Amino acid sequence: MATPAPAPTAPGSLRRIVAASLIGTTIEWYDFFVYGSAAALVFNKLFFPEQDPLVGTLLSFLTYAVGFAARPVGALVFGHFGDRLGRKRLLVLSLLLMGGTTFCIGLLPTYAAIGVAAPVLLTLLRLVQGFALGGEWGGAVLLVSEHGDARRRGFWASWPQTGAPAGQLLATGVLSALTALLSDAAFTSWGWRVPFLLSGVLVIVGLWIRLSVDESPVFKAALARAQAREAEESTIERLPLLAVLRDHWRDVLVAMGARMAENISYYVITAFVLVYAVEQADLSKQTALNAVLIASAVHFAVIPAWGALSDRVGRRPVYLLGAAGVGLWAFPFFALIDTKSFPAVLLAVTGGLVLHGAMYAPQAAFFSEMFATRMRYSGASIGAQFASVAAGAPAPLIATAMLASYGSSTPIALYVIAASLLTLVAVGMAQETRGRDLDAVEAGSTKDAPPARSVNAG
C-alpha cells in the first residue's frame, strides 16, 4: 500500500521547530560546558585537594572525559528508540536527564565533607550527563533536517549547532560574572554551585518549548511505510543498529573521521585554553573566560553563515576548509596566547572557533543526508558520539598531560594538526550529499539504504 510523501513544513512552523531544537541544545550544552569550565577552574581543589595542582587538574579532566565514555551508550539507546518511536519523545527525555543531573552536581558535597565519595558521586553524575548528551545531538539536528527542504537544509540544520556556542556563551558568561563579582574564596566555597543550580530553571523553560513541536513528517511517513511492509509481507523490520552496520558502515566511519578535527580542536580551544592561559601564560582566569565569552558570540554568528554556504557550494568543500584551517591555525593559536596580550588571546580563540564553525555548521545536514530515515537517528548518533570517545573526551586530558611533560605547546599543536589530517582524509573520501531528498533516501531501497552510497566504493 502506497504511503503519501510528507507535506513540506510551512516556514512559520519550521522556524518554531528550529527555535525548539536550538533552545533545547543550548540548555544541554550549557550543562555540559559548565562542568568543563568548573573542571578547569575549581574541581581540582574541591574534589582532588591532596594532589599537585596540575595533577589535580588532570584528574578533574579525567572525570570530564568519563562523560564522553557514556555518550556512545546514549547514542545507541536513544538512536534505537528514536528510530523506532520518533525524535520528539527521546529529545524530551534527554533534556530531563541532562538538566536534572546538572542540578544534582550543584548540590554535591565536596571532598572536604564526605571524602572519596565526593569524586565517585561526581563521576557517576557525569556519566549520566554524557549518556543524555549522546542522545540529544542526533535527535535535535534530525528534527530540523527532516522538517526542512533540501535547498536550504544546510542553513536550517546549522541552527541547532549554534546551541554549542550559545551554551558555551551562557555557561562562560555566568562563570565570568561570578568570578568578577566574587572573591576566589567565595567562588571556591559556594559560587561554583550557582551555574549548576540554574540548570533547574532552564530545563523547565526548554521542556515547555520542546513539548510544543510536532514529530518529523519524514519519520512519520517512513514509519507508515515500514508498518505497511510488515503487514503485507509478514516480515519484521531489522533493528536500526543492525541495519546501520550492514548498510551504512562506511558512512559511520566517514562521520567518525570527520569528527576528529572538529571535536579535538573545539575542546582545545574552549576548555584546555583555560588551563594553558592560566598555568603557562600567567593570565588571570577572568581574562581567559572573557576571551572565550566573546569568541563564542562570534562562533554563534558564523555557524549559520557557513551552513548557508554549504547549501551553495556543498557540504564537503566547507568542511574541508574548516579542517585545513584549524590545522594551520594550531601554531599561531598558542603563539598568540604566549604574548599575554588580551587582544592577541581573543584573536587566537576567535580565529580558531570561526574555522571550527566551517566544520560544525554543515555537519548536521551532512550526517543526516548519509543515512536512511528508519536508521538515521542511530547512524548519525553512532558516527558522531563514538568519535567523541577518541576525540573530544581525551583532548583536554592529552593536552594537559603534554603541557605537564614538555612544558611547551608544540606537541599540542602537532596533536591538533594530526587530527586535521585525519579529517581531511575522511571527508575527502565522502561523496557530496547536498540536495538529497531525505524521504527518497529510504523510499528508493527495499533495505532502507540510500540509492547512492555516501562514500566512494573504491
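**Group meeting: a helical chain, from Leu223 outward**

Let's start at Leu223, which is found in helix H11, residues 217–233. Keep in mind that this is a predicted model. Is Leu223 buried, exposed or partly exposed? At 21% relative accessibility, Leu223 counts as partly exposed. The cut-off matters here, because buried means under 20%.

What does Leu223 touch, leaving aside its neighbours within four places in sequence? Two arginines: Leu223 is in contact with Arg84 and Arg374. Take Arg374. Leu223 and Arg374 are 151 residues apart along the chain. Their C-alpha atoms are separated by 7.3 Å.

That leads to the whole chain. Among contacts between residues at least 6 apart in sequence, 86% join residues at least 24 apart. The contact of Leu223 with Arg374 spans 151 residues. The secondary structure is quickly told: 20 helices and zero strands. The chain has 458 residues, and buried residues make up 59% of them. The accessible surface comes to about 16,200 Å². Carbon and sulfur atoms account for 69% of that surface.

Now two helix pairs. First up, H7 and H16. H7 covers residues 153–161, and H16 covers residues 342–368. Their axes come within 7 Å. At what angle do they cross? Roughly 110°. Angles from 65 to 115 degrees count as roughly perpendicular, and H7 and H16 are therefore roughly perpendicular to each other. The crossing of H7 past H16 is right-handed.

Which residues meet there? On the H7 side, Arg153, Gly154, Ala157, Ser158 and Gln161. On the H16 side, Tyr360, Ala361, Gln363, Ala364 and Ala365. By class, this contact is mixed: five nonpolar residues, four polar and one charged.

Next pair: H8 and H10. H8 runs over residues 163–181, and H10 over residues 193–210. Here the axes come within 10 Å, and the crossing angle is roughly 135°. That makes H8 oblique to H10. The handedness is right-handed for H8 passing H10. From H8, the contact uses Leu170, Val174, Leu175 and Leu178. From H10, it uses Val194, Pro195, Leu198 and Leu202. How do these residues divide by class? Eight nonpolar, no polar and no charged. So much for the pairs.

Now the loops, and some backbone geometry. Look at Asp282. Asp282 has a positive phi, about 60°, although it is not a glycine. Where is Asp282? It is found in the loop between helix H13, 249–280, and helix H14, 285–313. Buried or exposed? Asp282 counts as exposed, at 58% relative accessibility. The threshold for exposed is over 50%.

Lys340 is the other loop residue to show. Its phi is near 65°, again a positive value in a residue other than glycine. Lys340 is found in the loop between helix H15, 315–338, and H16. That brings us back to H16, the helix that crosses H7 at roughly 110°. With a relative accessible area of 46%, Lys340 is partly exposed.

To recap. The chain has 20 helices and zero strands. H7 and H16 are roughly perpendicular, and H8 is oblique to H10. Asp282 and Lys340 carry positive phi values in loops. And Leu223, our starting point, is in contact with Arg84 and Arg374.

Conventions:
Residues are numbered from 1 along each chain as its sequence is written. This is a predicted model: local features need pLDDT of at least 70, side-chain atom pairs count only at pLDDT 80 or more; totals for chains, interfaces and linings use all residues. Side-chain values use heavy atoms; hydrogens and water are left out. Helices (H or I, at least four residues) and strands (E, at least two) are DSSP runs, numbered from the N terminus. Buried means under 20% relative accessible area, exposed over 50%, partly exposed in between (1.4 Å probe, protein chains only). Contact means heavy atoms within 4.5 Å. Accessible areas come from the Shrake-Rupley method with a 1.4 Å probe; for residues, only the protein chains shown count as cover. Axes are lines fitted to C-alpha atoms, for helices over the stretch in contact, and angles run from 0 to 180 degrees between N-to-C directions. Angles under 35 degrees count as roughly parallel, over 145 as roughly antiparallel, 65 to 115 as roughly perpendicular and the rest as oblique. A crossing is left-handed if the near helix is turned anticlockwise from the far one by less than a right angle, and right-handed if clockwise. Ala, Val, Leu, Ile, Met, Phe, Trp, Tyr, Cys and Pro count as nonpolar, Asp, Glu, Lys and Arg as charged, and the others, Gly among them, as polar.
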